[in-house]
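User: Hi! I'm new to reading protein structures. Could you walk me through the cysteines and a sheet in this one?
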Amino acid sequence: MTVINAINSILKVFPDRWPIPLPASAVIVVALILSINTWVAFDRAKDFVTENEIINLTPKHCQDSTFDYIIVGAGTAGMIVATRLANASRGTTVLLLEAGGEPSLLNELPSMDFFLLNQQANTWIYNTTPQAYSCGACDDRKSLTTRGRMMGGSTSTHFMMYVRGNREDFNRWQHEDAGGDPQWSYKALLPYFRKSEDYNGAYANRGESYVYHGKGGLLNIATHDYMPGTDQFLDAAMEKGYPIGDYNGRDQEVFSPIDVTTQNGYRESTYRAFYRDTGKPYNLCIRKYAHVTKVNFANVNGHAGRPKAVGVTYTRHKKEYTVFVRKEVILSAGTMGSPKLLLLSGVGPAYDLQAMNIPVVMDLPVGHNLQDHAYTIVGPFLKTPSLNPNRDVTPQAAASFLLSGSGAIAAPAGLAGLAFFKSPYAKPSYADLELVQFSVARYPELPRDLNRFFGIRESLLDSWFYPYHIQNTDARFLVLWLGRPKSVGQLRLASRNPEDNPIMDPQYLKHPEDLEALLYGFKKVVDLFENTRSLNTPIFPKPVPGCENLVFKSDNYYRCVIRQLSGSLYHHVGTCALGKVVDNSLRVKGIDGLRVIDASVIPRTPNGNTQASTIMMGEKGADLIIYGDNGWGGLNEEFYEHGKYNEINLDSVYEKIKNINNFKVFNKIDDNLYGAGNDKSKVYHNKQKRNNPIRSSLFSPTTFSTSKHETEKIWRNSAVEIDMNSWEDMNKANFNPSAHFKVVPNYNNF
């Protein structure tokens, strides 16, 4: 503490904020590009030197050409599947092929998210075809989107928001996509969400979190202390009568601060959470910079029997290799990568493949059903406070990050609250709109940065913002998007060259009700800002370029703004959809030894960011492989057998325990029992740190103090409906197969 106190004493000389804005934003992008390019070049060279045909420092078994499982893609889901399979049996050999390399240190800084999404050195950069109904202000009317090309995939680049979606989204998967299979219902998938989680988020002190969140998992779910304007946002919501609550809990139609995947102020990618920081299985072999170009099959070209995946071909350091598989090939290359690889390998619509002179292995609708969350921008509203990198990047900010993992550098850039609405066009009738408040000032380089993120023309933004961005004016931008779009697009090959990007046509806003749903939400947001005491700020009075001839703030003006300022939110799903391309066990239909486990199998977009549902899909898919078609064995308990689990009313359990104000005690968490969970959760168990930033009276955790006796009483009453030993077991399910993780709660400890 002496060193820290000395540093803090020195820092008192510096101002909390620079009195004159410094051009930090002007140099961040250039410095970031140079740093990441340098890192990737170094990592690639190191990989080439240490793993070549002459000098190979990898273990002997990783130099083989045949493995039990081959996984393509070390991204959000692939990293989870690989580590779960390797840990399930140390006698199993798993090969993980990743087209990129290690994330750079800059990829671990949450505040860099705004600038990381389109770095050519370690991301896949895609553009859609010109969009007729949206993207009017985008370059060539093409929507920009990217994906991480590195370990951890897009969890190493995105905004880290942990949002599952609405429970009814998953119930629709069960009934409309999986033929009524109960393992795809919300209640059956909830354990797989909880399984990954070490929940230390905004609602960790509340007893009801016990029903919907996990503890002791490998992935830290946290809140953060730098959310400028969140208190005003939540207070305004209360003025309008909107509820405040946990959007990943019982009710999604709420306003809330945002839970994110960070740990001690650093980004928590699936690479870091499931592999780098929690043990590297000896039997998991990883080959970086390995771009898979084809899945190889047996029993094709007239041979008897079903086609069977027998291996893959990939290029690495300008050489081509083929590896073989004993059991299964698993594609986890993402919504763009997995369908592209299937199509190149002859699995897809026969007509399209024949037009490309690709031999047809199986005729399936690969690439169809492309879905994404189309966004629009509401605002800006010239409201303080907000994040201005030119003003708020100070020595104090750097010290807060380095010493305590807090402050502006440790927070996703500008994220300051979210909300869910239900429009009149929601069918079925539940929330279909998501709103995120970005508290980001208009600084001189903002037009350039928004162009790199959304693809909106820089010249248009310069003209629209002038002169306020030159003056470094505080502002709030509200990003509103369709959680359940009715417009559906398609992905198809551009050529037979594996290096060429696929052609993507998402057809944003083609369905007229998509536009009207966004219009409904747009007006709700304007009303929230203009007609509440807490915000009391009019929308920016300067018309959006291209809409000047319409009556300002009329419905037609807003429709024009939505058509102009719209595009991709990087949440693509559905191109290898459950029920269409893969069966209920995620096996590619009609082919043996081949599965797809990533966001591409999600059959319809959940009403929420897709990180959480993709992580869940990785957990679910791994169990389907390890334990067979029922996939329930990985939970190691009877509680989740269909008959018993379906008798439980989650809402009833929620009502019984919602007033308990000690999540950790209620879960009977003993940090010493959780290998990685021990260090991963301590910093966020500090109640004061977690709650200080939020001053909204309704959000602040209840002051109800439950005694040990009262906690035990409610626990025992709840046990009438649920087997608490099973709940306790579930918290540790598949964390480690060792027997010492099986802990029976001891009520006498209370």
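Analyst: Happy to! One term comes first: a residue is called buried when its relative accessible area is under 20%, and exposed when it is over 50%. Keep in mind that this is a predicted model.

User: Which cysteine forms a disulfide with Cys62, and is that partner buried or exposed?
Analyst: A disulfide is a covalent bond between the sulfur atoms of two cysteines. The sulfur of Cys62 has its bonding partner 2.0 Å away. Cys62 sits in the loop between helix 2 (24-50) and strand 1 (66-72), and the partner lies in strand 10 (residues 284-287), 223 residues apart. Both cysteines are buried, and the partner is Cys285.

User: How many residues apart in sequence are Cys547 and Cys560?
Analyst: These two are also joined by a disulfide. Cys547 lies in the loop between helix 16 (512-530) and helix 17 (555-564), while Cys560 is in helix 17, so the pair ties together parts whose separation in sequence is 13 residues.

User: Why does Cys560 count as buried?
Analyst: The cut-off for buried is under 20% relative accessible area. Cys560 falls below that cut-off, so it counts as buried, with a relative accessibility of 15%.

User: Which strands stand at the edges of the open sheet?
Analyst: Six strands form this sheet, in the order 7-17-18-19-16-22, with antiparallel pairing. An edge strand has a single partner strand, so one side of it is left without a neighbour in the sheet; this holds for strand 7 (255-256) and strand 22 (566-568).

User: Which residue of strand 18 stands opposite Leu418?
Analyst: Strand 17 (residues 415-421) and strand 18 (residues 433-438) pair over five bridges. Opposite Leu418, in strand 18, stands Val436.

Key
Residues are numbered from 1 along each chain as its sequence is written. This is a predicted model: local features need pLDDT of at least 70, side-chain atom pairs count only at pLDDT 80 or more; totals for chains, interfaces and linings use all residues. Side-chain values use heavy atoms; hydrogens and water are left out. Two strands pair if DSSP finds at least two bridges between them. Helices (H or I, at least four residues) and strands (E, at least two) are DSSP runs, numbered from the N terminus. A disulfide is a pair of cysteine sulfur atoms within 2.5 Å. Buried means under 20% relative accessible area, exposed over 50%, partly exposed in between (1.4 Å probe, protein chains only).
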